[in-house]
Amino acid sequence: MKLRQKLMLLSTLSKAVIAAVLLLALPTVVQTLALRHTDAAMRRELDQVRERIAADGVRDFLPVALDSGHSYYDLLRDEYIELRPADPRRLPTDTLATLARLQDGELVDFRVLRARLTYAGRPYVVEVGKSMASVEDVYGLLNTLAGVALLFAVGSTLLLELTVIQRLLRPVDHIVQGLRAVRGPQAPALPPLRTTTSDFQYLDDAIRQMLRSIEAVFEQERAFIANASHELLTPISILQNRFENMLQAETLPEEAETQLVASQRTLHRLTTTLRTLLLISRVENGQYARPDQVNVADVIAEVLEELEDRLHALDLRVSRHLDGAPVLPAANRSLLFTLFYNLLNNAAKYNEPGGRIDLRGAPDAAGGYSLIIHNTGPAIPLEQVPHVFERFRRAGAGLEEGHGLGLALVRTIADFHGIGVELTSGAEGTTVRLRWE
Amino acid sequence: MNVLIIEDDRALARELGLYLHNDGFLCDFARTGAEAAEKLFVNEYDFVLLDLGLPDQDGLTLLANARRERNQQASILILSARGTLDDRIRGLDLGADDYLPKPYSLLELTSRMKAITRRKHGAPHDVLEIGPFALHVGERIVRHTPTGHEVVFTRKEFDLLHYLLLHRRRVLTRVQLAEHIWGGSGGEGLEPDSNFIDVHVKNLRKKLAAHDPTEWVETVRGVGYRVRATAPDAP
C-alpha cells in the first residue's frame with residue numbers, strides 16, 4: 001500500500017473515530033447542559049416568587065381556599081408555579097428533581113424545584129415546575145445543531161488534509177521516477193528536487209550521494225578489470241608463446257614434449273576461464289552496448305551451423321519451431337551468439353547419443369516471447385538445479401574441459417538483455433526457458 | 001620480411017621475436033611509444049605488431065600517426081590484452097589490418113600475417129596441395145586432382161585441413177587447432193573443447209581415404225597432428 005493511501009486512510013479513520021465518539025457522547029452532554037440551564041431558570045423564577053410574596057403577600061397565589069393550594073400554569077401548560085400551606089410537623093425538604101405530576105388526569109414528567117417558605121408565621125411549600133417535554137425539545141434542537149457542525153468540521157478538515165497530503169508527497173513520486181530511470185552505472189542527470197520538506201531534500205541528497213558512489217565503484221571496477229586483464233593476460237601470453245617456441249625444438253625428448261602439450265592444455269583452460277570471467281565482469285560493468293536489432297531465429301541458425309559437426313558426431317536430432325518474430329530490439333549480437341552457443345552446446349554435450357534437442361518459441365499472451373530449449377539428456381540432480389547459474393558450479397558429470405562458467409555467462413548476458421532464464425530438469429530431460437518482453 | 005614488434009614486456013617481445021625469427025622474419029623491437037614512433041619514422045616495415053598498452057602512449061594514437069607517415073604500406077596487427085570490443089573496432093577503424101587479443105597463439109599470429117600478405121599481394125588462385133588433393137582457399141573446396149572429384153567437407157573440417165596445410169611442416173597440438181577453429185567463431189566466452197578435434201580429424205581422414213589410401217593427416221603421439229609432406233615409400 002502506498003504511503004499516500006496509508007496517510008489518507010489514517011486521516012479518514014481517525015476522523016471517523018472522533019466523530020463516532022462525539023456523536024455517542026453528544027446526547028448526554030446536551031442533556032446535562034439543557035437541564036442545568038432549566039434548573040437555573042427555575043431558581044430565578046423561585047426567587048421572583050419569593051420577592052412577590054414578600055412584597056404582596058400570598059393572596060395572589062391562594063385565591064380559592066387557604067388550605068387547598070393552587071397551581072398556576074402558563075398558557076401552553078408546560079410550566080407551573082404552586083404554593084400551598086404546609087403542615088409544620090411534616091415539612092418537606094427542599095428538592096430539585098424530575099418527578100411525575102398529575103396534569104388533567106394524566107401523569108406527566110416535570111422538572112420540579114420545591115422550597116419551604118414562611119409567611120406571616122405560617123409555613124408554606126412553593127413548587128416551580130417545567131414539563132420535561134419542553135426540555136427535550138431543546139435537546140433535539142441542540143443535538144441536530146451539534147451533529148451538523150461536527151460533520152461539517154470532519155468533512156472539511158478531511159478534504160483539506162487529503163489535498164495537503166497529496167501535495168506534500170509529490171516529491172516522493174519525483175524521487176521514485178528518478179530512481180526508476182537508473183538502469184546502469186551511468187545514471188541520467190536527475191533534475192533537482194523542488195520541495196520545502198527538508199526530509200525529502202535529505203532523501204534526495206542521500207540518493208544522489210549514493211548514485212555518485214555507485215558510479216565511483218563501477219569506475220573502480222572498470223579500472224580493475226582493465227588492470228587485471230593486462231597484468232594477468234600478459235604473463236599468460238609469455239607462457240603460451242614460450243610453450244609454442246619450446247615445441248618447435250627438434251631435439252625435444254618425447255616425454256618433455258608430452259608434458260609440454262599437457263601444460264599447454266592447462267594454460268588454455270586457465271586462459272578461457274580468465275577470459276570468461278573478464279567477459280562476465282565487463283558485461284556486468286556495462287561495458288557493452290546493445291546497438292543491434294537481432295532476430296533470435298537467425299542467431300540460433302548460425303549457432304546450429306557452428307555446432308553442426310558436434311551434433312552430427314553425437315547423432316543428435318534438432319527440431320526447431322519458432323512462431324512469430326523472436327526479435328530483440330536492442331541487443332548485442334555477439335553476446336547473444338555466445339548465449340545461444342553455450343545453451344545449445346550444453347544441450348548437445350549433456351545429452352544421450354542419438355538424443356534430441358527441441359527448440360520451441362512463441363509469443364505469449366502478455367506480449368512477450370517465450371523460447372524453450374529442451375534436451376533428452378540425463379537429469380541434473382535436484383539439489384544442483386538451483387545453483388546451475390552460479391559461477392563455477394557445474395551440473396552433470398564433470399567433463400575434463402569446460403570451466404563451469406558457461407551458464408553463469410548465460411545468466412549475465414540474459415540479465416543484460418532483460419531476458420528471464422530458468423532451468424528445470426527431470427527424467428525426460430533438461431529444459432531451459434527464456435522469456436523476454 | 002621486416003617486422004617491428006612494439007611491446008613493452010621484454011619477455012613477451014623475446015618469445016615473439018624468437019618464433020618470428022625461426023619463421024624467417026627480420027625483427028626489430030620498440031618498448032615505448034616514443035621509440036616506436038622514431039623507428040616508424042626512420043625505417044620501412046612490412047609488418048608492425050602493436051601492443052595497445054604502452055607505458056608512455058596509447059597504442060591507438062600511435063596507430064593513427066603511423067598510418068600517416070612513412071609506413072603507409074605496412075600491415076599493422078594489434079595485439080592487446082585489453083580485448084574490449086571497443087578497442088577492436090576502433091583499432092580496425094584506424095586502419096589496423098587485424099586484431100588479436102592476448103594471449104594469442106603464435107601459430108595463429110603467423111597464419112594471420114600470411115593471410116594479410118596473400119590478401120595484399122593478391123593470390124586469387126591460391127591452391128594448397130596435399131598429395132593428390134588440392135585445397136582451393138578462395139572457393140573453399142578440395143578436389144582430388146587425378147579424378148577431378150570434389151571432396152565435400154564441413155566448414156570446420158575445411159578450416160582444420162587448411163590450418164594444417166598452412167603449417168605443413170609443423171606438428172599442431174589439439175589446443176592450437178581448437179583455438180583456431182573456435183577462437184574465430186565470432187562469439188566470446190565460448191567453452192572450448194579440444195577433445196572434439198579428434199572427431200573432426202577422424203571424419204577428415206575418412207573423407208580423404210575414400211579417394212586415396214595414404215594417411216595424409218598423421219597423428220604424432222602425445223602431441224597432435226601433422227600433414228604428411230610426401231607419400232610414404234611403398235613397402
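1. Let's start with Arg112(B), which is partly exposed, with a relative accessible area of 21%. In this predicted model, the side chain of Arg112(B) meets that of Glu108(B) in a salt bridge, 3.0 Å from N to O. Glu108(B) is buried, at a relative accessible area of 12%. The cut-off explains the two labels: buried means under 20%, so 12% falls below it and 21% does not. The two residues are 4 apart in helix α5 of chain B, and therefore about one helical turn separates them.

2. Another salt bridge of chain B is worth a look. Glu7(B) and Lys102(B) bring their side chains together at 2.9 Å, N to O. This pair links distant parts of the chain, with the two positions 95 residues apart in numbering: Glu7(B) sits in the loop between β1 and α1 (10-22), while Lys102(B) sits in the loop between β5 and α5 (106-121). Both Glu7(B) and Lys102(B) are buried.

3. Next comes a contact from one chain to the other. The side chains of Lys156(B) and Glu306(A) form a salt bridge, with 2.3 Å from N to O. Lys156(B) belongs to helix α6 (residues 155-166) of chain B, and Glu306(A) to helix α6 (residues 296-306) of chain A, so named in each chain by order from the N terminus. Are these two residues buried or exposed? Lys156(B) and Glu306(A) are both buried.

4. To put these pairs in context, a search of the whole structure over all chains finds 37 salt bridges. Side chains of opposite charge can pair when their charged atoms come close. In chain A, salt bridges also join into a network, which links Glu82(A), Arg84(A), Arg101(A), Arg114(A) and Glu127(A).

5. Please turn now to the sheet in chain B. Its 5 strands are parallel and form an open sheet, in the order β2-β1-β3-β4-β5. Which strands lie at the edges? They are β2 (26-30) and β5 (98-101), each of which pairs on one side only. On average, neighbouring strands of the sheet are turned by 20° against each other, direction ignored.

6. Strand β4 (residues 75-80) of chain B deserves its own point. The strand pairs with β5(B) in the parallel sense, over 4 bridges, and Leu77(B) stands opposite Asp98(B) of β5(B). Helix α3 (residues 59-68) of chain B lies across β4 as well as β1 (2-6) and β3 (47-51), and the helix runs at about 180° to β4(B).

7. Chain A has a strand with two partners to follow. Of the 8 residues in β12 (residues 429-436) of chain A, 6 are buried, so the strand is mostly covered. Strand β10 (residues 369-375) of chain A pairs with β12(A) in the antiparallel sense over 7 bridges, and Leu371(A) has Leu434(A) as its bridge partner there. Strand β11 (residues 420-426) of chain A is also antiparallel to β12(A), over 7 bridges; here Gly420(A) has Arg435(A) as its bridge partner. β11(A) and β12(A) form a hairpin, with 2 residues between them.

8. Finally, a word on the surface of chain A. Met1(A), Leu9(A) and Leu13(A) make a nonpolar surface patch of about 350 Å². Met1(A) lies in the segment before α1 (3-56). How accessible is Met1(A)? Met1(A) is exposed, with a relative accessible area of 69%.

How values were computed:
Residues numbered from 1 in each chain as written. Chains lettered and ligands numbered in written order. Predicted model: local features only at pLDDT ≥ 70, side-chain atom pairs only at ≥ 80, totals over all residues. Heavy atoms only, no water. Patch = residues over 30% accessible without salt bridge, like charges linked within 9 Å, V, L, I, M, F, W, Y side chains within 5 Å. Areas by Shrake-Rupley, 256 points an atom, 1.4 Å probe, with all protein chains shown as cover. Salt bridge = Lys/Arg side-chain N within 4 Å of Asp/Glu carboxyl O. Buried < 20%, exposed > 50% of the residue type's maximum accessible area, 1.4 Å probe, protein only. Pairing = 2+ DSSP bridges. Axes fitted to C-alpha atoms, helices over the stretch in contact; angles between N-to-C directions. Contact = heavy atoms within 4.5 Å.
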